[in-house]
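Here are a few worked exercises to try with the viewer open. Take each task first, then follow the solution step by step.

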Amino acid sequence: MEPLRPVLNFPPALLLRAQPVRVVFFDVDGVLTDGSLYFSEAGETLKRFHTLDGLGLQLLKRAGITPAVVSGRDSAALRLRLSALGVVHARLGTEDKAPAAETILAELGLDWAAAAAMGDDWPDLPLLRRAALAAAPPTAHAEVLAVAHHVTERQPGAGAVRELCDLLLVAQGAYARELEAAAR
């Protein structure tokens, strides 16, 4: 069987910006989900996640890039999903996201030069402005889109996170290896 040839293309300048990234901070609502909030009659928050994004987070970990979540909201559904994906660096229910992210950076022995962030609204701006690589889904608020180095083609909760993961994997030289391993 012939090896698969990757079809993804990212601008060289964007790949250079992504090369030093070792940790990625993700918002949840409007990034890992489509931004909709569902509440059961008992008041439980329900969320919809996409499997493409989940595999992307797992691929990041295999490539030595730490996925981290910093979210203003907390829910049992979110905790369950993060646990299933093995995401251990998470700060949930925090509106002041920069100190939460800085705590994770300190735990990992990294600084903002090794960080990427993906968000969609004003509370994400402190992370996006500090990170070496800032990304946003196309439905993000205009002020977020203005600071993003990369705006995904995919929608939030429908592969936008995976697109950023793929970009980082290509930049790290891990994408083709993982693709070939998956196709065996």
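**Exercise 1.** Does alanine 171 count as buried or exposed?

*Solution.* Keep in mind throughout that this is a predicted model. Start by placing the residue: alanine 171 lies in helix α7. Next, take its relative accessibility, which is 11%. The cut-off for buried is under 20%, so alanine 171 counts as buried at 11%. Now look for its partners: leaving out residues up to four places away in sequence, alanine 171 touches Leu15, Ala18 and Gln19. One of these partners, alanine 18, is 153 residues apart from alanine 171 in sequence, yet the two C-alpha atoms are 5.9 Å apart in space.

**Exercise 2.** Check the span of helix α7 against what 1.5 Å a residue predicts, and find how many of its residues are buried.

*Solution.* Helix α7 covers residues 160-172, which makes 13 residues. The expected span is 1.5 Å times one less than the number of residues, so α7 should span 18 Å. Its end C-alpha atoms are 19 Å apart, and this agrees with the expectation. Turning to burial, eleven of the 13 residues are buried, so α7 is mostly covered. Among the buried residues are Arg162, Glu163 and Asp166, along with Leu164, Leu167 and Leu168. Just after the helix, glycine 173 takes a positive phi of about 80°.

**Exercise 3.** Work out how α2 and α7 are oriented to each other, and which residues make the contact.

*Solution.* Begin with the geometry: the axes of α2 (residues 51-62) and α7 come within 7 Å and cross at roughly 25°. Angles under 35 degrees count as roughly parallel, and α2 and α7 are therefore roughly parallel to each other. The crossing of α2 past α7 is left-handed. On the α2 side, the contact is made by Leu52, Asp53, Leu55, Gly56, Leu57, Leu59 and Leu60. On the α7 side, the contact residues are Ala160, Val161, Arg162, Cys165, Leu168 and Leu169. Sorted by class, this contact has ten nonpolar, one polar and two charged residues.

**Exercise 4.** Repeat the analysis for α2 and α3: what is the angle, and how do the contact residues divide by class?

*Solution.* Helix α3 spans residues 76-85, and it packs with α2 at an angle of about 45°, their axes 10 Å apart. That angle makes α2 oblique to α3. In this contact, α2 supplies Thr51, Gly54, Leu57, Gln58 and Lys61, while α3 supplies Arg81, Ala84 and Leu85. The contact residues divide into three nonpolar, three polar and two charged.

**Exercise 5.** Classify glutamate 178 and leucine 145 by accessibility, and list their contacts.

*Solution.* Glutamate 178 is found in helix α8 (residues 175-183). With a relative accessible area of 14%, glutamate 178 is buried. Not counting residues up to four places away in sequence, glutamate 178 touches Leu59 and Arg62. Leucine 145 is found in helix α6 (residues 142-147). At 29% relative accessibility, leucine 145 counts as partly exposed. Leaving aside neighbours within four places in sequence, leucine 145 is in contact with Ala136, Pro137, Pro138, Ala140 and Val151. As a last step, compare positions in sequence and space: leucine 145 and aspartate 96 are 49 residues apart along the chain, and their C-alpha atoms are separated by 20 Å.

Note on methods:
Residues numbered from 1 in each chain as written. Predicted model: local features only at pLDDT ≥ 70, side-chain atom pairs only at ≥ 80, totals over all residues. Heavy atoms only, no water. Helix = DSSP H or I, 4+ residues; strand = E, 2+ residues; numbered from the N terminus. Buried < 20%, exposed > 50% of the residue type's maximum accessible area, 1.4 Å probe, protein only. Contact = heavy atoms within 4.5 Å. Axes fitted to C-alpha atoms, helices over the stretch in contact; angles between N-to-C directions. Parallel < 35°, antiparallel > 145°, perpendicular 65-115°, else oblique. Left-handed = near helix turned anticlockwise from the far one by under 90°. Nonpolar A, V, L, I, M, F, W, Y, C, P; charged D, E, K, R; others polar.
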